Amino acid sequence: MRTEKELALRTRENNLIRTNLTHRALRGSARGVLILCVFTIAAPAWSESADQSLTAAVIGALAPDEVRLGETGLLDVHVRDMEIATLLEMMSYQARANIVASTSVTGRISANLYSVNLEQALEAILTPNRYVFRRSGGTIFVATPEEIAALAPPPVTRVFKLRYIQPAEAAAAIKAVLGPNSTVIEGVKESTTGKSDSTGKELAKMGAAGVDYVIVTASPAELDAVAQLLSEIDQRPRQVLVEATILRATLNETNELGIDFTLLGGVDFRNVSSTSNAAADLQTGPLPPSRFEQSTVNVNTAFTQNVQGGGLTVGIINNSVAFFIRALEETTDVAVVANPKTIALNKQEGEVIVGRRDGYLTTTVTETAAIQTVEFLETGTQIRFRPVINDDNTVRLSVHPKDSNGGLTGSNLPFEETTEARADLLVNDGGTVLIGGLFRERTVGGRSQVPVLGDIPLAGALFRSRNNQTVREEVIILLTVHVLKDTPQEHEEFRRLLEDVERIRVGSRKGLMCTGRERLAQAFYHEALRQLDQGDCERALLNVRMALHNEPKLLPAIKLKEELLCRRLWDDEGGRMRTFIWDLIRSDAPPDEPLPDFARPQPELPGPPQSENECDDSQPANPD
């Protein structure tokens, strides 16, 4: 049951509605008079459930149908059960837009839209009724999807050539701007059937020549969108220069000391036919049988054999006593510095390997056969990386530098000693980072002795030998990243590097024996240049001929000789095939385009032909 307060509020609302309807009726609104009558009759007797529905109906009836254009250029649409064609006409009038509706556009709609543009309003009104619109020039056509599709221009096929990105990448991006009826075809890749696995992988990775294009079939508007998209994504990729510095230092120290002594009792060294290498060692012989009846004593140690050859050896031999000392200290210091450099495109993997590959056989045994394959152990200096250049001029890098050495054992099994690191890091352009480091020290103390006697202080040194070893290893891996900007400074740096390589090559050639044919040819050629600078052409020609006598394929000398003689060097062909090819080229060339004859003199033809059997002057002369 309603409370007294709720009944009072409801009565007040009814009075306000009745007053509003009365004003409308007084202004001559027929709908207002009708609603006022209904409201007056039904209001006293309505129930609580009918109260809300009737109030809503009355308020909806009071709101007029309108399409209004606001000050911001957006539309407010408030309609109730209106014909779609009529609503489109109202929107066209208010928005000052050319809207043409097909005769198939029927139905009614109710909608309340606030602050929407014309396209949003059309989508909201047409989508529930399965109608679509299409803008062509300054006119908007409204019809069924089939009718709009019939109005669209026929699809056009166009080939887009790609400069930097792969067809698969371009096709994936193009599909995002194409409609459901448009198609895109990638360039056909070269077949790798019949090629080895390694060759097929390289072709798949690098791509085959002539596949950098896509074929798009779509409407002209979509083709324009595709062209705009490709102009933005098919950009020249940036490049990254990665320089890795790998330092590995190893220090190996070994100290060895051994003492031997031999003491004989009852006999001396002569009695047992002993021999010695200048008192550096002692080899005792057999004991004579006649001495077996007498007491004989032999006390000796053998610790100097634990010391490697070399070092210091001290020996004393006297009758029945011999004493030897051998000491050795060995130090091995190894330092390896590797500095590989390589350039790779953005987001593409780069790799440099400077070393060797040792092949070894592996055998796979199955139930029916044993299959042998050749595997390779790669050692040396290697670097593998994949850079990604960010917008803030930093480089995200996945890198794997490695420096190793190894080989194959006598059993044809591989072994390898390696220094390597794997890292994913972020580096600033031009920055150097430490991606790996190691310091390791190993100390080994070896001792061989006579039990108990070797532990005696001082005197125990006579009954033992020692071998101490210390190995220290230090590894540092540095990485420097440069984003190439294709500036004149970079080109100048690359040019200087090329010149340095040429200087090294020339320096290596200078170290050859001066009596070699290559060195003699170079000497005569340089002398010819010097004579030519002085204006002595005869001597220059003589030196050029001497240079070509020692090295007939020395190209600079050949060119210099042609300049001195003012004619090119030529020789007749030894076969017909090359002349045949030139004849084919001449037959397809334009008449006014001269063909090279390599400065060969044209053969002089005989006089006018006397009969049909003689050659015709109109026929072209043989270029040879």
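**Figure 1. Packing of the buried residues of helix 13 against helix 11 (517–533) and helix 12 (537–550).** The model is predicted. Helix 13 spans residues 555–565, and A557, L560, K561 and E562 are its buried residues. These residues make the packing with helix 11 and helix 12. Just after helix 13, C566 has a positive phi of about 60°. C566 counts as exposed, at 69% relative accessibility.

**Figure 2. Cysteines C566, C537 and C514 in a structure with zero disulfides.** For C566, the closest cysteine sulfur belongs to C537. The two sulfur atoms are 9.0 Å apart, and a disulfide would require them to be within 2.5 Å, so the distance is too far for a bond. C514 has a relative accessible area of 61% and is therefore exposed, the cut-off for that class being over 50%. C566 is also exposed, with 69%.

**Figure 3. The second largest pocket, with a volume of about 310 Å³.** Its lining is made up of 15 residues, of which A152, P153, N181, S219 and E222 are the closest to the centre of the pocket. Two elements each give two or more residues to this lining, namely helix 6 (145–151) and strand 9 (213–218). Helix 6 supplies the largest share, three residues. Sorted by class, the lining holds eight nonpolar, five polar and two charged residues. The second largest pocket lies between domain 1 (66–151) and domain 2 (156–188 + 211–235), because both domains give residues to its lining.

**Figure 4. Surroundings of T470 in strand 21.** Strand 21 covers residues 464–484. The relative accessible area of T470 is 17%, so this residue is buried, the cut-off being under 20%. With neighbours within four places in sequence left aside, the contacts of T470 are L251, N252, E253, E441, R442 and T443.

**Figure 5. The loop that holds T106, between strand 3 (98–101) and strand 4 (108–116).** T106 is partly exposed, with a relative accessibility of 49%. Apart from neighbours within four places in sequence, T106 is in contact with I84 and Y131. Y131 is 25 residues from T106 along the chain, and the C-alpha atoms of the pair are separated by 9.7 Å.

**Figure 6. E119 in helix 5 and its contacts with F133 and R135.** Helix 5 runs over residues 118–126. E119 counts as partly exposed, at 30% relative accessibility. The contacts with F133 and R135 are those found when neighbours of E119 within four places in sequence are left aside. E119 and R135 are 16 residues apart along the chain, with 9.8 Å between their C-alpha atoms.

**Figure 7. The chain of 624 residues as context for the close-up views.** The chain contains 14 helices and 21 strands. Buried residues account for 28% of the chain. Of the contacts with a separation of 6 or more, 62% join residues 24 or more positions apart.

Notes:
Residues numbered from 1 in each chain as written. Predicted model: local features only at pLDDT ≥ 70, side-chain atom pairs only at ≥ 80, totals over all residues. Heavy atoms only, no water. 1 Å grid on protein atoms, 1.4 Å probe; cavity = no way out; pocket = protein on both sides within 12 Å on 5 of 7 lines; lining within 4 Å. Points joined across faces, edges and corners; volume = space filled by probe spheres on them. Helix = DSSP H or I, 4+ residues; strand = E, 2+ residues; numbered from the N terminus. Nonpolar A, V, L, I, M, F, W, Y, C, P; charged D, E, K, R; others polar. Domains from an automatic or database assignment. Buried < 20%, exposed > 50% of the residue type's maximum accessible area, 1.4 Å probe, protein only. Contact = heavy atoms within 4.5 Å.
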